[in-house]
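Welcome, and please open your viewer. We will go from stop to stop, selecting a few residues at a time and looking at what is there.

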Amino acid sequence: RIMASSVSKIIAKVTRAEAKKFRDGKKQAIERTCANCKKNLGEVGQMMCAACNTVSYCGRECQVAHWSNGHKAECKTLKVIAKGVKLKAPSGEYAFSASVSMVSGKPYKKGHYRIPDGTRTGAKFVVKVQGGSEMMPIMVYDQTRTCDFSIPPGQPGFKEVLTEMKKEMAWGGRKTFMKASFDDSGACTIYPATAGVKAKYKW
């Protein structure tokens with residue numbers, strides 16, 4: 001039993017390392033190559049799409065070509081992911097509460113769509129997002145569990161969060177961490193572009 005546990009930990013560690021390597025490589029590729037011709041931008045300088053600020057080009061000609069070849073369709077989504085998505089307050093079954101902590105074994109209080117204890121209005125904090133498929137709601141909760149709710153399928157933010165969650169191979173695309181914030185009106189904004197493994201965000 002002890003040996004099996006050790007093997008599981010080693011596998012999990014390797015998986016996390018590979019996932020980090022994949023993310024870092026992807027980020028580096030986006031930052032250093034032209035989105036259209038794939039030219040190394042470290043040698044020729046770069047210009048970014050002014051709308052989404054997520055893709056780079058070696059020049060105007062490539063920017064225009066890439067816009068016609070697909071970026072026009074994805075630009076709006078990329079812009080939303082980068083700036084964050086405002087989430088609607090959940091109701092009924094989607095204002096969930098986790099029943100028992102896997103760490104302490106103690107029951108959690110009923111969940112709420114609200115700023116977590118000890119967090120300032122407007123300040124970004126880390127949340128864990130967890131789900132399974134396009135048909136299941138995505139659970140969102142912070143470390144204190146004073147902020148925990150669900151994003152129903154079809155609601156603003158669901159698609160963007162699910163897309164980033166599926167990229168996290170360390171957990172089989174079922175969960176990841178990202179940042180969120182609450183404004184003065186009590187509305188929550190989540191930032192899919194900040195998605196990362198727990199090693200990136202320490203609770």
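Helices (H or I, at least four residues) and strands (E, at least two) are DSSP runs, numbered from the N terminus. Residues are numbered from 1 along each chain as its sequence is written. This is a predicted model, in which local features need pLDDT of at least 70 and side-chain atom pairs count only at pLDDT 80 or more, while totals for chains, interfaces and linings use all residues; side-chain values use heavy atoms, with hydrogens and water left out.

**The whole chain**

Begin with everything shown as a cartoon. You should find four helices and eight strands in the protein chain. Traced from the N terminus, their order is α-α-β-β-α-β-β-β-β-α-β-β.

Now colour by burial: buried means under 20% relative accessible area, exposed over 50%, and partly exposed in between (1.4 Å probe, protein chains only). Of the 203 residues in the protein chain, 36% are buried. Turn on the surface as well, with areas from the Shrake-Rupley method and a 1.4 Å probe, where only the protein chains shown count as cover for residues. The protein chain exposes about 12,500 Å², and carbon and sulfur atoms supply 55% of that area.

**Helix 3, with its bend**

Select residues 60-83, which form helix 3. The expected span of a helix is 1.5 Å times one less than its number of residues. For a straight helix of 24 residues that comes to 34 Å, but helix 3 spans only 24 Å between its end C-alpha atoms.

Where does helix 3 bend? Centre on His71, where the bend is about 80 degrees; the bend at a residue is the angle between axes fitted to the seven residues ending there and the seven starting there.

Next, show the side chains of Cys62, Gln63, His66, His71, Cys75 and Ile81, the buried residues of helix 3. Contact means heavy atoms within 4.5 Å. The cover over these buried residues includes strand 1 (47-48), strand 2 (56-57), helix 4 (158-166) and strand 8 (188-196). Step past the end of helix 3 to Gly84, which has a positive phi near 100 degrees.

**A stop in strand 2**

Select Ser56 in strand 2. Ser56 is buried, with a relative accessible area of 3%. Add Cys34: the C-alpha atoms of Ser56 and Cys34 are 5.5 Å apart, although 22 residues separate the two along the chain.

**Met165 in helix 4**

Move to Met165, which you will find in helix 4. Met165 counts as buried, at 0% relative accessibility. Leaving out residues up to four places away in sequence, Met165 touches Val129, Gln130, Gly131, Ile138, Gly173, Arg174, Lys175 and Thr176. Pro192 is 27 residues from Met165 along the chain, and their C-alpha atoms are separated by 8.6 Å.

**The aromatic cluster**

Rings of Phe, Tyr and Trp (its six-membered ring) pair if their centres lie within 6.5 Å; planes under 30 degrees apart count as stacked, over 60 as edge-to-face and the rest as tilted. How many aromatic pairs does the structure hold? There are three aromatic pairs.

Select Tyr113 and Phe149 to see one of them: the ring centres are 5.0 Å apart and the planes are at 70 degrees, so the pair is edge-to-face. This pair links distant parts of the chain, with Tyr113 in the loop between strand 3 (85-87) and strand 4 (125-130), and Phe149 in strand 6, 36 residues apart. Tyr113 and Phe149 are both buried.

Now add Phe182. The rings of Tyr113 and Phe182 have centres 5.4 Å apart and planes at 70 degrees, so this pair is edge-to-face. Phe182 belongs to strand 7 (residues 175-182), so the pair ties together parts 69 residues apart in sequence. Phe182 is buried, and so is Tyr113. Include Phe125 to complete the view: ring pairs link Tyr113, Phe125, Phe149 and Phe182 into a cluster.

**Charges over rings**

A charge sits over a ring if NZ of Lys or CZ of Arg is within 6 Å of the ring centre and within 35 degrees of the ring normal. Select Lys124 and Tyr191: the charged end of Lys124 sits over the ring of Tyr191, 4.1 Å from its centre. Then pick Arg145 and Tyr141, where the charged end of Arg145 sits over the ring of Tyr141, 3.7 Å from its centre.

**Two loops to finish**

Stay on Arg145, in the loop between strand 5 (138-141) and strand 6 (148-151). Arg145 has a positive phi of about 65 degrees although it is not a glycine. Is Arg145 buried or exposed? At 15% relative accessibility, Arg145 counts as buried.

Finally, select Lys38, in the loop between helix 1 (2-32) and helix 2 (41-44). Lys38 is not a glycine, yet its phi is positive, about 70 degrees. Lys38 is exposed, with a relative accessible area of 56%.
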